[in-house]
Amino acid sequence: MVWTSGDHLSKSRILTLQNTFLSLYFSWNLSLPFKKETTMNKILIFALLSFSIFAQDQNKKMTVFFHGLNNKPTVFHDLIKEINNPSTVFNHTLPANPHLWLSHVKKEILQISSLAKKNNQAWQIIAFSLGGLLTLRALNEMHLPKPPVKVVLFAPALTPRHLEFLHYTSSLLSEEIIIPSFAPSDIRAKNGVSVGEYTMLFSLAEKIQSSSQTVFNFPIKIFYSSQDELVDPIKLMEFCHQRGWATQDIKTLQAPHHLLVQKGRVSQDSWLKIKNSF
């Protein structure tokens, strides 16, 4: 249930109104004969419950997820269960056409930001791999109605290993060629990924590496694995530290180490750090 109001009440004002109704309710109730029901009694109960629901809804946090290349949205299953405070979750599949990736992410972010402003709610972005790369590219080019309270990225594909060589090689091949995927079947969207999709990823990574350092007015937290097979962790740390973004090395227990969004692949201590970041 979401309430909207032209006059967005602050938490302190909501609590004050709740306490006022509580005081009125108990004062009125104590002045009545035992178990006697009155119209005023019912009105006070209804008002108290209404403001309680309103306060709870105002504290809910909306979360939008962006997955990685060739991932099903179910890759975030473990993370969604860990989010504190009942939230509205937006977890959509990226378009099949790589040329539509960035515009899709921009559209989703703008819609959630506008909804958050309308409902006076906090919101956050959680993204993995390609999703993290697209998120930062989109945020770098957008003016939002309401900024997120935080952005949490897992193994963002900002610094792919051997980027220049892979980008050059992929540019020589037909975009239609399909390269078999060996990602776990439970989170794999397709059995293969086209050269065109890889070429777009490499192009986006090169562009963001060469772009000017954007200063965002919200915190960005990066989780990575020093054993990541796809993302260069040293270059990633350097990239993030130059921009003042917080980083956290996650201890992964099994390959592929890139999949640190799955609870069973990281240490218990590392998963607790992830959980506490929400």
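**Cavity, pockets and helix packing**

The lining of the largest cavity is made up of five nonpolar, five polar and two charged residues. The model in which this cavity is found is a predicted one. The volume of the largest cavity is about 90 Å³, and the count of cavities of 30 Å³ or more comes to one. Its lining consists of Leu136, Arg137, Asn140, Ile208, Ser211, Ser212, Gln213, Thr214, Phe216, Phe239, Arg243 and Trp245. Helix H5 gives the largest share of this lining, namely three residues.

Helix H5 is a suitable place from which to follow the helix packing. H5 spans residues 130-140 and packs against H7 at an angle of about 45°, the two axes lying 10 Å apart. H5 and H7 are therefore oblique to each other, since an angle counts as roughly parallel under 35 degrees and as roughly perpendicular from 65 to 115. Their crossing is left-handed. On the H5 side the contact involves Leu130, Leu133, Leu134, Leu136 and Arg137, and these meet Leu201, Leu204, Ala205, Lys207 and Ile208 of H7. By class, this contact of H5 with H7 holds eight nonpolar residues, no polar ones and two charged ones. Leu136, Arg137 and Ile208 take part in this contact and also appear in the lining of the largest cavity.

H5 has a further partner in helix H4, residues 101-119, and the axes of H4 and H5 come within 9 Å and cross at roughly 70°. That angle makes H4 roughly perpendicular to H5, because the range for this description runs from 65 to 115 degrees. The crossing of H4 and H5 is right-handed. Trp101, Leu102, Val105, Lys106 and Ile109 of H4 make the contact with Leu130, Leu134, Thr135, Arg137, Ala138 and Leu139 of H5. The residues of this contact divide into eight nonpolar, one polar and two charged. Leu130, Leu134 and Arg137 of H5 are listed in the contact with H4 and in the contact with H7.

H7 in turn packs against helix H6. The axes of H6 and H7 come within 9 Å and cross at roughly 140°. That value makes H6 oblique to H7, because roughly antiparallel applies to angles over 145 degrees. The crossing of H6 and H7 is left-handed. From H6, the residues Leu163, Glu164, Leu166, His167, Ser170 and Ser171 meet Val195, Thr199, Phe202, Ser203, Ala205, Glu206 and Gln209 of H7. This contact of H6 with H7 comprises five nonpolar, six polar and two charged residues. Ala205 of H7 is named in the contact with H6 and in the contact with H5.

The helices H6 and H7 lead on to the largest pocket, whose volume is about 830 Å³. Its lining has 31 residues, and those closest to the pocket centre are Leu69, Val193, Tyr198, Leu230 and His258. At least two lining residues are supplied by each of helix H6 (163-171), strand S5 (178-180) and helix H7 (195-210). The largest share, four residues, comes from H7. In terms of class, the lining of the largest pocket contains 21 nonpolar, eight polar and two charged residues.

The second largest pocket has a volume of about 170 Å³. The residues lining it are Leu139, Met142, His143, Leu144, Pro147, Val215, Phe216, Asn217 and Phe218. Seven of these residues are nonpolar and two are polar, with no charged residue in the lining. Two of them link this pocket to features described above: Leu139 belongs to the second largest pocket and to the contact of H4 with H5, while Phe216 lines the second largest pocket and the largest cavity.

Two features of the backbone complete the account. Most residues other than glycine have a negative phi, and most peptide bonds are trans. The peptide bond from Ala255 to Pro256, however, is cis, with omega near -5°. Pro256 is placed in the loop between strand S8 (246-249) and helix H9 (268-276). Asn70, for its part, has a positive phi, near 60°, in a residue other than glycine. Asn70 lies in the loop between strand S1 (61-66) and helix H3 (77-82).

Terms used: Residues are numbered from 1 along each chain as its sequence is written. This is a predicted model: local features need pLDDT of at least 70, side-chain atom pairs count only at pLDDT 80 or more; totals for chains, interfaces and linings use all residues. Side-chain values use heavy atoms; hydrogens and water are left out. On a 1 Å grid over the protein atoms alone, a cavity is a set of points where a 1.4 Å probe fits but cannot get out, and a pocket is an open set with protein on both sides within 12 Å along at least five of seven lines; lining residues have an atom within 4 Å of a point. Grid points are joined across faces, edges and corners, and a volume is the space filled by probe spheres set on the points. Ala, Val, Leu, Ile, Met, Phe, Trp, Tyr, Cys and Pro count as nonpolar, Asp, Glu, Lys and Arg as charged, and the others, Gly among them, as polar. Axes are lines fitted to C-alpha atoms, for helices over the stretch in contact, and angles run from 0 to 180 degrees between N-to-C directions. A crossing is left-handed if the near helix is turned anticlockwise from the far one by less than a right angle, and right-handed if clockwise. Contact means heavy atoms within 4.5 Å.
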